[in-house]
Amino acid sequence: MEPYRTIVAGVHDTERGLRATDRAIEVAGHCRAILYLAAATGPSHASHPESTGSDGDGGVRMEPASPAVLQRLVERAHEHGVTDARPLSRSGRPVDVLVDVADDVDAGLVVVGSHGINTTAGRVFGSVAADSARRASSDVLIVHTTDERWHLSHARRRRLGPTTAPYQRVLVGVHDSVRDPHSTQRVVEVGAEMAAIFDAEIVLSSSYEPADSHEVDRAEMDLGSDAAFQLRGANPVEAALRDATRTAMAVGARSPRTVARAHTPPARALVEQAGQVGADLVVVGSHGLHARRRRMLGAVAASVFRHTPADVLVVNTERHRRPSP
């Protein structure tokens, strides 16, 4: 089962920008999806310096892609198994163009590069990647395009072999939310579908606050030793990870494994676990990402894609939320 049928990739004519487009081509080829190569055109930042950093690019100059560049990308997409690649140019700010095109074609996924995320302007005013994750009605894949992380990723792939898929290990954040379990289920489904199409290992990750040991000891004395195990195994994270494992296996992921970290905020736990298991893709929900106060503080998704070397797939849990009966 392919998770996406229509994908929009942001295109701008720089080495780093084209790295994200290459990743979009790989994903579209594996998903057998229609790929829109969307380029923003319009006045350069050089002629409008006052817009730098405030137009959703994090202060990174976005070079428009020429028709020749778009045509070369279409040919490259065909070479990588994308049978339907469509170039598209529109006038406007990059993030506006991406969001509008995704809405117009009902895209399931938008692919953008990470350039600008870690700049000061990107943190304060927003970058194309961060603003796309906040505004797009689709899921958003943020590809790390900085030189160091990109070269490390490619060196790893060369060691593993020339036909290696872009993702070998997928880490999925499991949120033990009683109020909105369907959103959590959708995040796991998307992560499992991505792992399945790339034949990658899937790791289900969560964090929790364990019960106070003194309270547990007192409760055990009241229950007796035969019933004490009920307290030790009652943490809701255990149930959430069990449900997530069943969901991932139903989708087709192979041998999911689980990890959980105590006394750790969710974002930090994901970042640490991504490094520990060697994840090259982290899948998280968009919980809290759209709130105004998250503009600078950052939700779990925002924090993860700023601090992990892996690509980050943000699943729009608002879009996938099921209506109440």
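Mentor: Before we begin, a residue is called buried when its relative accessible area is under 20%, and please keep in mind that the model we are discussing is predicted.

Trainee: With that cut-off, how many of the eight residues of β7 are buried?

Mentor: Strand β7 spans residues 201-208, and the burial cut-off can be applied to each of its eight residues in turn. The strand is largely enclosed by the rest of the structure, because the number of its residues that are buried is seven.

Trainee: Which strands pair with β7, and over how many bridges?

Mentor: On one pairing, β6 (residues 169-173) runs parallel to β7, and there G173 stands opposite S205. On the other pairing, β8 also runs parallel to β7, with R257 of β8 as the bridge partner of V203. The partners and their bridges are therefore β6 with five and β8 with six.

Trainee: Which strands stand at the edges of the sheet that contains β7?

Mentor: The sheet is open and mixed in its pairing, with ten strands in the order β3-β2-β1-β4-β5-β10-β9-β6-β7-β8. A strand at an edge has a single partner strand, so one side of it is left without a neighbour in the sheet. Reading the order from end to end, the edge strands are β3 (85-91) and β8 (257-262).

Trainee: By what angle are neighbouring strands of this sheet turned against each other on average?

Mentor: The value is an average over the neighbouring strands of the sheet, and the direction of the strands is ignored in it. Taken that way, the turn is 20°.

Trainee: At the β3 edge, which residue stands opposite L88?

Mentor: The partner strand to consider is β2 (residues 34-41), which pairs with β3 in the parallel sense over seven bridges. Within this pairing, the residue opposite L88 of β3 is A38.

Trainee: Which helices lie on the sheet at β3 and at β7, and at what angles do they run?

Mentor: Helix α2 (residues 67-79) lies across β1 (6-11), β2 and β3, and its angle is given relative to β3. Helix α10 (residues 236-251) packs on the sheet by touching β7 and β8, and its angle is given relative to β7. The angles are about 155° for α2 and about 160° for α10.

Trainee: Turning to helix pairs, is α11 roughly parallel or roughly antiparallel to α13?

Mentor: Helix α11 (residues 266-277) and helix α13 (residues 300-307) pack at an angle of about 30°, with axes 9 Å apart. Since angles under 35 degrees count as roughly parallel, the relation of α11 to α13 is roughly parallel.

Trainee: How many nonpolar, polar and charged residues make up the contact of α11 with α13?

Mentor: From α11, the residues P266, A267, L270 and V271 meet V300, S303, V304 and H307 of α13. Sorted by class, the contact has six nonpolar, two polar and no charged residues.

Trainee: Is R268 of α11 buried, partly exposed or exposed?

Mentor: R268 lies in helix α11, and its C-alpha atom is separated by 8.5 Å from that of V300, 32 residues apart along the chain. Its relative accessibility is 45%, so R268 counts as partly exposed.

Trainee: For α3 and α5, how many charged residues does the contact have?

Mentor: Helix α3 (residues 94-104) and helix α5 (residues 128-135) pack at about 35° with their axes 9 Å apart, and α3 passes α5 in a right-handed crossing. The contact involves P94, V95, D96, L98 and V99 of α3 together with V128, D131, S132 and R135 of α5. By class there are five nonpolar residues and one polar residue, and the number of charged residues is three.

Methods:
Residues numbered from 1 in each chain as written. Predicted model: local features only at pLDDT ≥ 70, side-chain atom pairs only at ≥ 80, totals over all residues. Heavy atoms only, no water. Axes fitted to C-alpha atoms, helices over the stretch in contact; angles between N-to-C directions. Helix = DSSP H or I, 4+ residues; strand = E, 2+ residues; numbered from the N terminus. Parallel < 35°, antiparallel > 145°, perpendicular 65-115°, else oblique. Contact = heavy atoms within 4.5 Å. Nonpolar A, V, L, I, M, F, W, Y, C, P; charged D, E, K, R; others polar. Pairing = 2+ DSSP bridges. Buried < 20%, exposed > 50% of the residue type's maximum accessible area, 1.4 Å probe, protein only. Left-handed = near helix turned anticlockwise from the far one by under 90°.
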